[in-house]
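Subject: Structure for you to look through

Dear colleague,

Please find the structure below, followed by some notes on what was found in it. I suggest keeping the 3D view open while you read, so that each place can be looked up in turn.

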Amino acid sequence: MAREQEVDVVVIGMGVGGEHAAGRLAGAGLETVGVEAELVGGECPYWACIPSKMMIRAGNLLAEARRIPGMAGRAEVTADFGPVAARIRDEATDDWNDQVAVERFTGKGGRFVRGHARLAGPGRVEADGQVFTARRGVVLATGSRPQIPPVPGLDAVPYWTNRQAIAAEEPPESLLVLGGGAIGVELAQAFARFGAVVTVVEAMDRLLPAEEPEAGALLADVLRSEGITVRTGTRATAVHHRGATFHLTLDGGEELTGRQLLVATGRHPHLAGLGLETIGLDPGARTLTVDGQMRAADGLWGVGDVTGLGMFTHVAMYQAEIAVRDVLGEPGPDADHRALPRVTFTDPEVGSVGLTEHAAREQGLRVRTGTARVPSSARGWIHKAGNDGVIKLVEDADRGVLIGATSAGPAGGEVLYGLAVAVQAEIPVDRLRHMIYAYPTFHRGVEDALADLGHG
Ligand SMILES: Cc1cc2nc3c(=O)[nH]c(=O)nc-3n(C[C@H](O)[C@H](O)[C@H](O)COP(=O)(O)OP(=O)(O)OC[C@H]3O[C@@H](n4cnc5c(N)ncnc54)[C@H](O)[C@@H]3O)c2cc1C
Ligand SMILES: NC(=O)c1ccc[n+]([C@@H]2O[C@H](COP(=O)([O-])OP(=O)(O)OC[C@H]3O[C@@H](n4cnc5c(N)ncnc54)[C@H](O)[C@@H]3O)[C@@H](O)[C@H]2O)c1
């Protein structure tokens, strides 16, 4: 029987949210144990945000160079994935080694345990053959896992998830992408720009189905113009792997082939095998339900992807900060996810905040929308090649405030910032209309979209 060790806090899962919470708590002088089964830092630095954005940055450079003809002379572009793969190994992931991150945590006074942790009753955690009792409580930050759809044959073929895609040393000759959400479209475009022949298969009727239809339609047009095949409103009914080629059968009977298959059909909170039942919670729950202070139960806080409130690094860090404050007994506002910003880093970037028009109408709100096309703005027209984009605003007509916005276009994720402030602070639309917007910026399109507001 392992000796029980008393500490202040145990953090289970040292990904984005857990590492932030554990580091802050240790730094505040609490006796903090951080347990991580894989790599401290989690998905974001090793297999997700950071390396994927390195691929995208490189792909965007190629795309810009290819836009030179007709705008600035001639350019001969030869794509080479080598520097991207090297950068992912050397700069992003340290060859998937987390020593620096572990030392960052222990340097703050934290105690690190490598292993799989499990709850063993209120405030009790088993990990690596040790048992900890946490005086203040436990922070659960175990992230998410890929959601693999039940397509016949899929479990028997060597498909990629984001992990194998990020670790690729060269682009595949051809790539089938199942799922046209954030992961699917970002990686589809990045690999295609390095020469892969890419097909995206999305079950819903458009790409990025959780976002405004205008954004999905725009993105489909751009991806198609770059040579990517986009198939929406169709499902895979079978998968085979023969002679190093994947064969994907679609519901209409058509068969697609590719040298690699990326499954990017969503992620689910990782709650299995955590011993939630030992503290009276449902072990089969899809998400960890939390209150405004990120409390899931007495002495248990949940942060990050496990909460299902937005699977983004900025959400994990935002929630971790609230949980830390609460663990430390410091008062502070409840979590507020109304103005949650999201950016899909395709080219054009698709930024969005708050509710889509559809989601707002579903809530029974009286909605007005306004849109402006980026190419019609002065800056979009000047920009010319690569100027695809749209700004769309969603107004709660009864309150006269924006409750959602989309900004797709060059720097769409940056243009989003002002819109996120407007949604978060509920700045009256009337005041937004009377602001000065610098000329000729991309964000000046917001003024055009405000002028267009009024479709009931
Ligand atoms: C390809 C891709 C690209 C992305 N790009 C972006 C982006 O550009 N911007 C953005 O904001 N978000 C992006 N995301 C989402 C982002 O990566 C996640 O939202 C973020 O990593 C969530 O942080 P987390 O701490 O909740 O979980 P994770 O980062 O998943 O960390 C959870 C950790 O818990 C550990 N763990 C699990 N169970 C146990 C256990 N029982 N014991 C011990 N340890 C355990 C895991 O090993 C893991 O390290 C992307 C995701 C993917 C897949
Ligand atoms: N830039 C970013 O911030 C960024 C980038 C990548 C991922 N992420 C995060 O990671 C999460 C997971 O990404 P994701 O792209 O896997 O999920 P997602 O939920 O964004 O998209 C999954 C897509 O797959 C489709 N789909 C589901 N089952 C299917 C099937 N059988 N056949 C065809 N299509 C199917 C869905 O309709 C959906 O459009 C995102 O929701 C996001 O929170 C963020």
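**Two cis prolines and an unusual aspartate**

Pro440 sits in the loop that runs between helix 13 (429-433) and helix 14 (445-452), and the peptide bond that leads into Pro440 from Tyr439 is cis, with omega near -10°. Please bear in mind from here on that this is a predicted model. A cis peptide bond also joins Asp347 to Pro348, in this case with omega near 5°, and Pro348 belongs to the loop between strand 18 and strand 19 (349-354). The backbone of Asp128 deserves a look as well, since Asp128 is not a glycine and yet has a positive phi of about 50°; you will find Asp128 in the loop between strand 5 (124-127) and strand 6 (130-140). These places are pointed out because most peptide bonds are trans, and most residues other than glycine have a negative phi.

**Domains and annotations**

The protein is divided into domain 1, which is made of the pieces 4-41, 98-145 and 268-328, together with domain 2 (154-264) and domain 3 (341-453). The C-alpha centres of domain 2 and domain 3 are 29 Å apart, and between these two domains twelve residues of domain 2 are in contact with 15 residues of domain 3. On the domain 2 side of this contact, the elements that give two or more residues are helix 7 and helix 8 (213-225), and helix 8 provides the largest share, with five residues. Sorted by class, that side of domain 2 has seven nonpolar residues, one polar residue and four charged residues.

The UniProt record, which is an unreviewed entry, lists residues 8-320 as "domain: FAD/NAD(P)-binding". Over residues 8-320 the chain is 30% helix and 26% strand, with 17 Å between the end C-alpha atoms. An annotation in the unreviewed UniProt entry, "domain: Pyridine nucleotide-disulphide oxidoreductase dimerisation", covers residues 341-448, and over that stretch the chain is 32% helix and 31% strand, with the end C-alpha atoms 21 Å apart.

**The surroundings of the ligands**

Ligand 1 has 36 residues around it, of which Gly13, Gly15, Gly42, Gly143 and Gly304 come nearest. The elements that contribute two or more residues to this shell are helix 1, strand 2 (32-36), helix 2 (43-47), helix 3 (49-66) and helix 9 (313-327), and by class the shell around ligand 1 consists of 16 nonpolar, 15 polar and five charged residues.

Ligand 2 is surrounded by 25 residues, and the closest of them are Gly179, Gly181, Ala182, Ile183 and Met311. Two or more residues of this shell come from each of helix 7 (182-193), strand 9 (197-202) and strand 18 (341-344), and helix 7 gives the largest share, namely four residues. The shell around ligand 2 divides into 14 nonpolar, seven polar and four charged residues. Because domain 2 and domain 3 both give residues to the shell around ligand 2, this ligand lies between them.

**A pair of packed helices**

Helix 1 (residues 16-27) packs with helix 5 (residues 99-107) at an angle of about 30°, and the axes of the two helices are 8 Å apart. That angle makes helix 1 roughly parallel to helix 5. If you would like to display the contact, select Glu19, Ala22, Gly23 and Ala26 in helix 1, which meet Ala101, Arg104 and Phe105 in helix 5. By class, this contact has four nonpolar residues, one polar residue and two charged residues.

With best wishes

How values were computed
Residues numbered from 1 in each chain as written. Chains lettered and ligands numbered in written order. Predicted model: local features only at pLDDT ≥ 70, side-chain atom pairs only at ≥ 80, totals over all residues. Axes fitted to C-alpha atoms, helices over the stretch in contact; angles between N-to-C directions. Parallel < 35°, antiparallel > 145°, perpendicular 65-115°, else oblique. Contact = placed C-beta atoms within 7 Å. Nonpolar A, V, L, I, M, F, W, Y, C, P; charged D, E, K, R; others polar. Near = placed C-beta within 6 Å. Domains from an automatic or database assignment. UniProt positions renumbered as here; feature names shortened; annotations may be inferred.
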